[in-house]
Amino acid sequence: MRNKLLTPIICAAALATIGCTPANNDSPTNPTAALASVQQEITQQTKQQSLSDKYADYFLIGAAADQGSYITHAELLKTHFNSMTTENEMKFESVEPTQNHFSYEIADKMLAFAKSNDMAVRGHALVWHRQTPDWVFFNDEGELRSKDEVLAIMKNHIDNVVGHFKGTVDYWDVVNEAIMDDGSLRTDKEEADNQKSYWYGAVGKDYIAAAFRYAHAADPQAKLFYNDYYNYIPARQQAIYQLVKELLDDGVPVHGVGLQAHINTIPSSNPEHQSYHQSIDNLEKAIQMYASLGLEVQITELDVSLYIGGNKYQKSDFYTADSIPAELDQKQAQRYADLFAMLRRNRDAISSVTFWGIADDDTWLSEFDSGRADFPMLFDVNHQPKSAFHAVMDF
């Protein structure tokens, strides 16, 4: 009697999930086998709902993690992602805060986690105008170092860092953000201090090619990327294309271009604001331009902000996890759906899509002094899938 009741109960519990049909009461049943079968089917369907599994025939699905989130968000990472980028832990100031004193402990732990879970690793970033210690560019007297000095420091840094992670890091962002919004090269003469490039100030344009050559020598198997933002702005798009083309023409070992893709739920209506150009068509054009050079393209820092670029928001207008209007939630989902439909169309060019974060409770977009929280990811603050997640999975 007990055996006859157990199978229908098991099946009823799983019916909505796997379409199990209760056994006929007159049929012989094996409750242990039935339970194992149901659990196996549930496990398999859960696996089928994995983001990285869904996109296995398209491209890698990555996430940027920091020294805390790779632990607190470990289950999401292990379930949904097959690539990981360290958000800050491999940048210059983190691994070489003082000259020739290298610190790898945190990054090593993060990469061990990634590799133990069969994840590819993106190294971010070797040469950037920000998060680089002043000693790299200025001597003890506060004077800008010579070209030879800065190149020697760069080479030593890349030799050590890329050499340390050789065989572990699959992709490197070698040079990050060398282009200004108008398409000009970033120099040390930019108006805002945090926009100045002392790499350029000391070395000139040659610092870009040098960084790629040093990185390739340190690990010939790693794929080397130029990474930048606002690829949807025509002037930047063309400038990045031209920069990379010149590098390739000069025999510089560049293997790909990274598009950061920090975008908004809808583009700005203000033609003077950068996000006015945030159309799916413009992003697709950038992907195809870079791919036409024979390069891999990767989306490296994806998120979709709830806020509209260029709009002025008061604190009373800031969203909270509980105050996001259903209409806005759907707009974000549609934005993700449209973006991923385009990315799937270009699967032959794109090898990886990385989100800049894992869930809404850990995003750089909520870390500004304004205190404005944002909710740009596929998973909410409780690590549950949002409408945007289902939109990306529904194809």
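**Notebook: pockets, cores and rings**

I began with the second largest pocket: its lining has five nonpolar, two polar and five charged residues. I'm noting here that the model is a predicted one. The space in this pocket comes to about 160 Å³. I wrote down who lines it: Leu306, Ala321, Asp322, Ile324, Asp329, Gln332, Asp360, Phe375, Asp380, Val381, Asn382 and Lys386.

Next I looked up the largest pocket, which holds about 1300 Å³ of space. Which of its lining residues are closest to the centre? Out of 45 lining residues, I got Tyr230, His262, Trp364, Leu365 and Phe368. Strand 3 (120-128), strand 7 (262-264) and strand 8 (296-305) are the elements that give two or more residues to this lining. Sorted by class, the lining of the largest pocket splits into 14 nonpolar, 17 polar and 14 charged residues.

Then I went for the nonpolar cores. The largest has 101 residues, and the members touching the most others are Trp172 and Phe340. Helix 10 (residues 206-218) supplies the largest share of this core, with nine residues. Apart from it I found another core, made of six residues, including Leu306, Tyr307, Phe318 and Phe375. Leu306 and Phe375 were already in my notes, since both names are on the list for the second largest pocket's lining.

Phe340 deserved an entry of its own. Is Phe340 buried or exposed? Its relative accessible area is 0%, and buried means under 20%, so Phe340 counts as buried. Skipping neighbours within four places in sequence, I listed its contacts as Tyr55, Phe59, Ile61, Leu302, Val353, Phe355 and Val392.

Last came the aromatic rings. I counted up 26 aromatic pairs in the structure. For Tyr307 and Tyr313, the ring centres are 4.9 Å apart and the planes sit at 85 degrees; over 60 counts as edge-to-face, so that's what this pair is. Tyr307 is buried too, at 1% relative accessibility.

Why is the pair of Phe340 and Phe355 stacked? Their centres are 6.0 Å apart and their planes are at 15 degrees, and anything under 30 counts as stacked, so the pair fits. Phe340 is in helix 13 (residues 326-345) and Phe355 in strand 9 (residues 350-355), so the pair ties together parts that are 15 residues apart in sequence. Phe355 is buried as well, with 2% relative accessibility.

My final entry is an aromatic cluster formed by Tyr55, Tyr58, Phe59, Phe81, Tyr336, Phe340, Phe355 and Phe395. Tyr55, Phe59 and Phe355 also appear in my contact list for Phe340.

How values were computed: Residues numbered from 1 in each chain as written. Predicted model: local features only at pLDDT ≥ 70, side-chain atom pairs only at ≥ 80, totals over all residues. Heavy atoms only, no water. 1 Å grid on protein atoms, 1.4 Å probe; cavity = no way out; pocket = protein on both sides within 12 Å on 5 of 7 lines; lining within 4 Å. Points joined across faces, edges and corners; volume = space filled by probe spheres on them. Helix = DSSP H or I, 4+ residues; strand = E, 2+ residues; numbered from the N terminus. Nonpolar A, V, L, I, M, F, W, Y, C, P; charged D, E, K, R; others polar. Core = buried A, V, L, I, M, F, W, Y, C linked by side-chain atoms within 4.5 Å. Buried < 20%, exposed > 50% of the residue type's maximum accessible area, 1.4 Å probe, protein only. Contact = heavy atoms within 4.5 Å. Phe/Tyr/Trp six-rings, centres within 6.5 Å; stacked < 30°, edge-to-face > 60°.
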